[in-house]
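Grab a pencil and work through these exercises with the model open beside you. Each task is followed by a solution that goes step by step.

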Amino acid sequence: MQRRQLNWSLLTLSSGSLPLLQTGCASRSKRRGHVVVIGGGFAGTTCARQLKKLDNHLEVTLIEARPTYTACPLSNLVVVGQRQLKAQNFNYSRLKDDEILVIHDHVIGVDPQKQRVVLNNGQSLGYDRLVVAPGVDIAWNQLSGYDEKAAQIMPHAWKAGPQTLLLQQQIASMKDGGLVLISAPENPFRCPPGPYERASLIAHYLKRYKPKSKLIILDAKDNFSKKPLFLEAWQKHYGDLIEWQGLSSGARVTQVNAASKEVLTDFDTFKADVINIVPPQRAGKIAEIAGCTNASGWCPIGASTFASQIQDKVYVLGDAAIANAMPKSAFSANAQAKLCAIQIVRNLQELPPINTKLINTCYSYVTPTQAISVADIYTPKENIWQPVAHAGGISQPNAGDLLQQLEAKYALDWFKVTTQEVFG
Amino acid sequence: MDASSGISPGKALIAACSGCHHASNALHLPSLINLSSDVMREKLMAYKYDQITGTLMNRIAKGYTDEEIALIALTYSMQHATSLQNNSSNLNR
């Protein structure tokens, strides 16, 4: 069965890509199957490379539309001019050394019955197993008035790149005494502590360069990641420069008007100089094309394996997956991908999946030189990723400057180590 | 590499660790590559039972049973031995 699928993929690839594919393969008799990975972020790239490391007789293809990946972690430092955007950029050259076929194109169709993926250029390739790791898409207009045009005036900066620079420019050119507004969405969304880290770093910038200014966070939730530590840091470093308003105070943003630079909440209307909308999100479009999403817009998976609960022989990783208690973070994506690669190799060898634990660790800067962390261990209990009790949690409150400076150094190291593992 | 070598329960258990503890270019995060199984197990147990204090390793170690910690330490030390073997066989080739 697997052999037949594989022959299909060779037959129907356009002649232009055949030589690449052949150089990337072990001899046909040793080939154990073809895994196609869609999405070259932390999840997909990790998975592709781990698959090849675990079994170099596997044929692995990574499909990613863009030749350069711009990483989100640390990009809040870019927003306040503490880091260059180009330091966030990575490419896929090392994957070619790993004999992974990298195709830069858009996927326009997936046929889970025939186990085929169709690319924008007309190519079609067969798979034995498919990994879908598209990250998030902005759910345009789910927040009334927030569309792609509005995002040019009220940037989301929730995908690192031009949006990050747009927000940076707006903050840099704002007058002293201006108001910065951040709208934080309901769960789930990518990088749960991200809006609050961003608020911290913007406040640090304002305090230093535009001290008469103010920052208001309008939140669709009453609780958020690392809340006690953020509140403590805001009080300590920024006094009343940051004002956080939660759901209970009617602060949920219900509508935006980009032309008038106005934001409407349940009870109020805000006009601000810089408006950063962290918008509602859903799984990347490919997940929907592959038929892996449910009504929530995200992808249900089997916890241990990351196998789609909807499509056979398809796995979903990273931000797009419903990994229950595991947050949508680069660390989670990377960890999930390493485990999923093991499960796929075992599955192709008709071995049962391994039930094991995973970790998420996530650092947030509260100043450019101080950070806090959350770490949790997760176990797939009753097919749901659940945190292990009496373990994990956030950094010690009132940890003091030295420990927070150390955590800031670890945050940077984590980024170096993980991006080295993923892209290096 | 033999296809079965990378897919043991021990390997699955340490999958997340290399997100922080991996490359030698880290300036502050310790590399685990040269730790013996015994030293690593003792260190993780010390974090778990708060005999030493880290920034977040105490929180992480508490998520594992003593048996899992022993398996993590053993798998890491074996991985080290395997990578040495692979390196020397590459050199001999």
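**Exercise 1. Find which residue of β15(A) stands opposite Gln255(A), then work outwards to the sheet.**

Step 1. Gln255(A) faces Leu264(A) in β15(A). Strands here are DSSP runs of E with at least two residues, helices are runs of H or I with at least four, and both are numbered from the N terminus.

Step 2. Zoom out to the strand pair: β14(A) and β15(A) (residues 262-265) run antiparallel, joined by 4 bridges. Two strands count as paired if DSSP finds at least two bridges between them.

Step 3. Now the sheet: 3 strands of chain A form an open, antiparallel sheet in the order β14-β15-β16. β14 (253-257) and β16 (269-271) of chain A sit at the edges with a single partner strand each, so one side of each has no neighbour in the sheet. On average, neighbouring strands of this sheet are turned by 20° against each other, direction ignored; the axes are lines fitted to C-alpha atoms (for helices, over the stretch in contact), and angles otherwise run from 0 to 180 degrees between N-to-C directions.

A quick word on the ground rules: this is a predicted model, where local features need pLDDT of at least 70 and side-chain atom pairs count only at pLDDT 80 or more, while totals for chains, interfaces and linings use all residues. Residues are numbered from 1 along each chain as its sequence is written, with chains lettered from A and ligands numbered from 1 in the order in which they are written.

**Exercise 2. Work out which side chains of β7(A) are buried, and where the strand's partners are.**

Step 1. Along β7(A) (residues 116-119) the side chains alternate: Val117(A) and Leu119(A) point to one face and are buried, whereas Arg116(A) and Val118(A) point to the other and are not. Buried is 20 or more other C-beta atoms within 10 Å of the residue's own, exposed is 12 or fewer, and partly exposed is in between, with C-beta atoms placed from the backbone.

Step 2. Take β6(A) (residues 107-111): 4 bridges join this strand to β7(A), antiparallel. Val110(A) stands opposite Val117(A). In their hairpin, with 4 residues between the strands, Gln115(A) has a positive phi near 55°.

Step 3. Then β8(A) (residues 124-126), which is antiparallel to β7(A) over 3 bridges. Val118(A) has Ser124(A) as its bridge partner. This hairpin has 4 residues between the strands, and Gly122(A) takes a positive phi near 95°.

**Exercise 3. Describe the surroundings of β11(A).**

Step 1. Check the cover: 5 of the 6 residues in β11(A) (179-184) are buried.

Step 2. List partners. β11(A) pairs in the parallel sense with β12(A) (residues 214-219) over 6 bridges, and Ala184(A) stands opposite Asp219(A). β11(A) also pairs in the parallel sense with β17(A) (residues 274-277), over 4 bridges; there, Ser183(A) is bridged to Ile277(A).

Step 3. Add the helix: β11(A), α7(A) (residues 194-209) and β12(A) make a right-handed β-α-β unit. Right-handed here means that, with the strands pointing away from the viewer, the path from the first strand over the helix to the second runs clockwise.

**Exercise 4. At what angle do α3(A) and α10(A) cross?**

Step 1. Their axes come within 8 Å and cross at roughly 35°.

Step 2. The crossing is right-handed, with the near helix turned clockwise from the far one (anticlockwise by less than a right angle would be left-handed).

Step 3. Look at who touches: Phe42(A) and Leu54(A) of α3(A) are among the residues making the contact, as are Ala330(A) and Val345(A) of α10(A). Contact means C-beta atoms, placed from the backbone, within 7 Å.

**Exercise 5. How many residues does each chain give to the contact between chain A and chain B?**

Step 1. Chain A gives 42 residues and chain B gives 27.

Step 2. On the side of chain A, α11(A) gives the most, with 12 residues.

Step 3. By class, that side has 18 nonpolar, 13 polar and 11 charged residues. Ala, Val, Leu, Ile, Met, Phe, Trp, Tyr, Cys and Pro count as nonpolar, Asp, Glu, Lys and Arg as charged, and the others, Gly among them, as polar.

Step 4. Finish with chain B: this chain has 4 helices and 0 strands, and 31% of its 93 residues are buried.

How values were computed. Contact = placed C-beta atoms within 7 Å.
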